[in-house]
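This report describes the helix packing of one protein chain and the surroundings of selected residues. The sequence and the structure are shown first.

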Amino acid sequence: RSVQGKLKLKVSASSILHTSLRSMASYQTGTFDCCAEPGGMGLCLRAHFCPCTVWGDINARAGAPGGFAAGCCGLLCCEAFTGPGGIFYKAFMVMEAAKKTGVDESCGHAICCSCCFCGVCYGMQVWRELELKGIKAPGQQEMD
């Protein structure tokens with residue numbers, strides 16, 4: 001009789017864990033879906049040859065301070081002058097984007113993916129998520 005009680009408890013705990021994992025939002029495309037839409041091959045080429053522009057888009061769309069220029073130029077400066085500072089700057093942008101898209105992203109995961117060999121692919125994944133959720137950079141205000 002006690003074995004049945006333990007079995008029921010394990011099934012209940014397992015189903016609760018499965019339900020909670022399923023309810024957490026995750027990226028709609030994989031990290032290594034480099035040519036996935038939206039963006040496709042054009043995004044892939046852009047991210048590999050001029051990645052700061054992709055990170056600039058992410059920064060602008062996430063509403064992080066400084067918009068596109070800070071994301072693009074700030075990243076170049078951080079990587080050129082501080083080395084690892086660029087990793088933390090990318091992680092900051094990803095965390096801001098995660099807030100906008102509702103993706104459950106941890107700071108540790110963002111730092112690890114930003115610093116390893118898959119940083120370019122990770123940037124494309126974040127960019128695609130913002131695009132799929134329809135999150136655009138704030139428009140320019142017109143003067144009256």
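A residue counts as buried when its relative accessible area is under 20%, and as exposed when that area is over 50%. By this criterion, 38% of the 144 residues of the protein chain are buried. The model is a predicted one.

**Overall architecture**

The protein chain contains 7 helices and 0 strands. Its pattern along the sequence is accordingly written α-α-α-α-α-α-α. Among the contacts with a separation of 6 or more, 62% join residues that lie 24 or more positions apart.

**Helix packing**

Two packed helices are described by the angle between their axes and the distance between the axes. The table lists three pairs in these terms.

| Helix pair | Axes come within | Crossing angle | Handedness |
|---|---|---|---|
| α3 and α5 | 9 Å | roughly 45° | left-handed |
| α3 and α7 | 10 Å | roughly 40° | left-handed |
| α2 and α7 | 10 Å | roughly 135° | right-handed |

The first pair joins helix α3 (residues 51-62) to helix α5 (residues 85-101), with axes that cross at roughly 45°. Because of this angle, α3 is oblique to α5. On the α3 side the contact is formed by W55, I58, N59, R61 and A62, and on the α5 side by Y89, K90, M93, V94, E96, A97 and K100. By residue class, this contact of α3 with α5 comprises 7 nonpolar, 1 polar and 4 charged residues.

Helix α3 also packs against α7, where the two axes cross at roughly 40°. The angle therefore makes α3 oblique to α7. From α3 the contributors are V54, W55, D57, I58 and R61, while α7 supplies G119, G123, V126, W127, L130 and E131. The contact of α3 with α7 divides into 6 nonpolar, 2 polar and 3 charged residues. W55, I58 and R61 of α3 are thus listed both in the contact with α5 and in the contact with α7.

The third pair is formed by helix α2 (residues 40-49) and α7, whose axes cross at roughly 135°. Why is α2 described as oblique to α7? An angle over 145 degrees would count as roughly antiparallel, and one of 65 to 115 degrees as roughly perpendicular; the crossing at roughly 135° therefore makes α2 oblique to α7. The contact consists of L43, C44, R46, A47 and H48 of α2 together with V120, M124, W127 and R128 of α7. Of the residues in this contact of α2 with α7, 6 are nonpolar, 1 is polar and 2 are charged. W127 of α7 takes part in the contact with α2 and also in the contact with α3.

**The buried side of α6**

Which residues of helix α6 (residues 107-115) are buried? They are A110, C113 and S114. These residues lie on the same side of α6, because they cover an arc of only 100° around the axis. Among the elements that cover the buried residues of α6 are α5 and α7 (119-132).

**Selected residues**

C118 is located in the loop between α6 and α7. With a relative accessible area of 7%, C118 is buried. Leaving aside residues up to four places away in sequence, C118 touches F32 and C113. F32 is 86 residues from C118 along the chain, yet the C-alpha atoms of the two are separated by 8.0 Å. C113, the other residue touched by C118, is one of the buried residues of α6.

D57 belongs to helix α3. Its relative accessibility is 18%, so D57 counts as buried. When residues up to four places away in sequence are not counted, D57 touches R46, F68 and W127. Of these, R46 belongs to the α2 side of the contact between α2 and α7, and W127 to the α7 side.

Is F88 buried or exposed? F88, placed in helix α5, has a relative accessibility of 51% and therefore counts as exposed. Its C-alpha atom is separated by 9.7 Å from that of L75, a residue 13 residues apart from F88 along the chain.

Terms used. Residues are numbered from 1 along each chain as its sequence is written. This is a predicted model: local features need pLDDT of at least 70, side-chain atom pairs count only at pLDDT 80 or more; totals for chains, interfaces and linings use all residues. Side-chain values use heavy atoms; hydrogens and water are left out. Axes are lines fitted to C-alpha atoms, for helices over the stretch in contact, and angles run from 0 to 180 degrees between N-to-C directions. Helices (H or I, at least four residues) and strands (E, at least two) are DSSP runs, numbered from the N terminus. Angles under 35 degrees count as roughly parallel, over 145 as roughly antiparallel, 65 to 115 as roughly perpendicular and the rest as oblique. A crossing is left-handed if the near helix is turned anticlockwise from the far one by less than a right angle, and right-handed if clockwise. Contact means heavy atoms within 4.5 Å. Ala, Val, Leu, Ile, Met, Phe, Trp, Tyr, Cys and Pro count as nonpolar, Asp, Glu, Lys and Arg as charged, and the others, Gly among them, as polar. Buried means under 20% relative accessible area, exposed over 50%, partly exposed in between (1.4 Å probe, protein chains only). The arc is that of the directions from the helix axis to the C-beta atoms.
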